[in-house]
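Colleague: I am still learning to read structures, and I would love a close look at a single strand. Could you take me through its partners and its surroundings?

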Amino acid sequence: MVYAWRRHLAAAAARIEALGAADEELLSTQMTVGFADLSRFTSLSNDLDDSGLAALVENFETRCADIVTAHGGRVIKTLGDAVLFVTDDPLEGTRTAIDLVKQIAMRTELPNVCVGLATGSVVSRLGDVYGPPVNLAARLSHVARSNRVLVDDATAAALSGEFDTRALPPRPLRGFGNVSPITVTERRGFRSR
């Protein structure tokens, strides 16, 4: 964990130096924010010793980082059993999320994953991101079933027919009221890039 935090700190420092920013680096931009969350992590972690738990978390974080960066995204941070990532484009964010689900599901040593995506204006400061899309992506990942991707309306509207979408019944999401999450799956016969 210390190594991961050092990597995040070094990346944030490098961005500030590259931008020549002072203490007031504060950027608002449109992004797609994703949360990838391990299913049943609490019960699984109760059955592991410290070294087994550390190996599981490191494996998950490494796999997620590899997949996110391969799609041109950026891992912002890890939060326990979840990885927060961003992409500049909702379509690429969805491709990333689908790839995360597929690749994590193929690894027998890892539990399933749930992914939530939301698109909108976020504030970026010192390498972290803040705003409603961050919170909504986290809430969506918590209500997603195992090996599923749930998105908000803004993300779904930008998918241009590459994926199948289906609105689910409204459910209460803390801080957002009743929301109808949208499940996203690969369109059969459609080959993503």
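Modeller: Let's start with one pair of residues: the bridge partner of Ala36 in strand E3 is Val83. Please keep in mind that this is a predicted model. The pair belongs to a longer match, since E1 and E3 run antiparallel to each other over 6 bridges. E3 also has a partner in strand E2, residues 74–79. That pairing is antiparallel too, with 5 bridges, and in it Arg74 is matched with Val86 of E3.

How many residues lie between E2 and E3 in their hairpin? There are 2, and Gly80 in the turn has a positive phi of about 65 degrees.

Now look at the two faces of E3. Ala82, Leu84 and Val86 point one way, while Val83, Phe85 and Thr87 point the other way. Are these side chains on E3 buried or exposed? They are all buried, and in total 6 of the 6 residues of E3 are covered in this manner.

What lies around the strand? Helix H5 is a good place to look, as E3 is among the elements that cover its buried residues. The others include strands E1, E4, E5, E6 and E8. The buried residues of H5 include Pro133, Val134, Leu136 and Leu140. You can also check the length of H5 yourself: at 1.5 Å a residue, its 12 residues, 132–143, should span 16 Å, and the end C-alpha atoms are 17 Å apart, so the two values agree.

Next comes the nonpolar interior. The largest nonpolar core has 27 residues, and Ala36, the residue we began with, is one of those that touch the most other members. Phe60, Leu100 and Val151 are also among them. E3 is one of the elements that supply at least two residues of this core, as are E1, E4 and E6. Helix H4 gives the most, with 6 residues. A second, separate core of 21 residues includes Leu84, which you met on E3, together with Val33, Ile76 and Ala118.

To follow one member of the largest core outward, try Val151. Leaving aside residues up to four places away in sequence, Val151 touches Leu117, Leu140, Ala156, Pro181, Ile182 and Val184. Leu140 is one of the buried residues of H5, which brings us back to the helix that E3 helps to cover.

Finally, step back to the whole chain. It has 6 helices and 10 strands, and buried residues make up 46% of its 193 residues.

Definitions and conventions:
Residues numbered from 1 in each chain as written. Predicted model: local features only at pLDDT ≥ 70, side-chain atom pairs only at ≥ 80, totals over all residues. Heavy atoms only, no water. Helix = DSSP H or I, 4+ residues; strand = E, 2+ residues; numbered from the N terminus. Expected span 1.5 Å × (residues − 1). Buried < 20%, exposed > 50% of the residue type's maximum accessible area, 1.4 Å probe, protein only. Contact = heavy atoms within 4.5 Å. Pairing = 2+ DSSP bridges. Core = buried A, V, L, I, M, F, W, Y, C linked by side-chain atoms within 4.5 Å.
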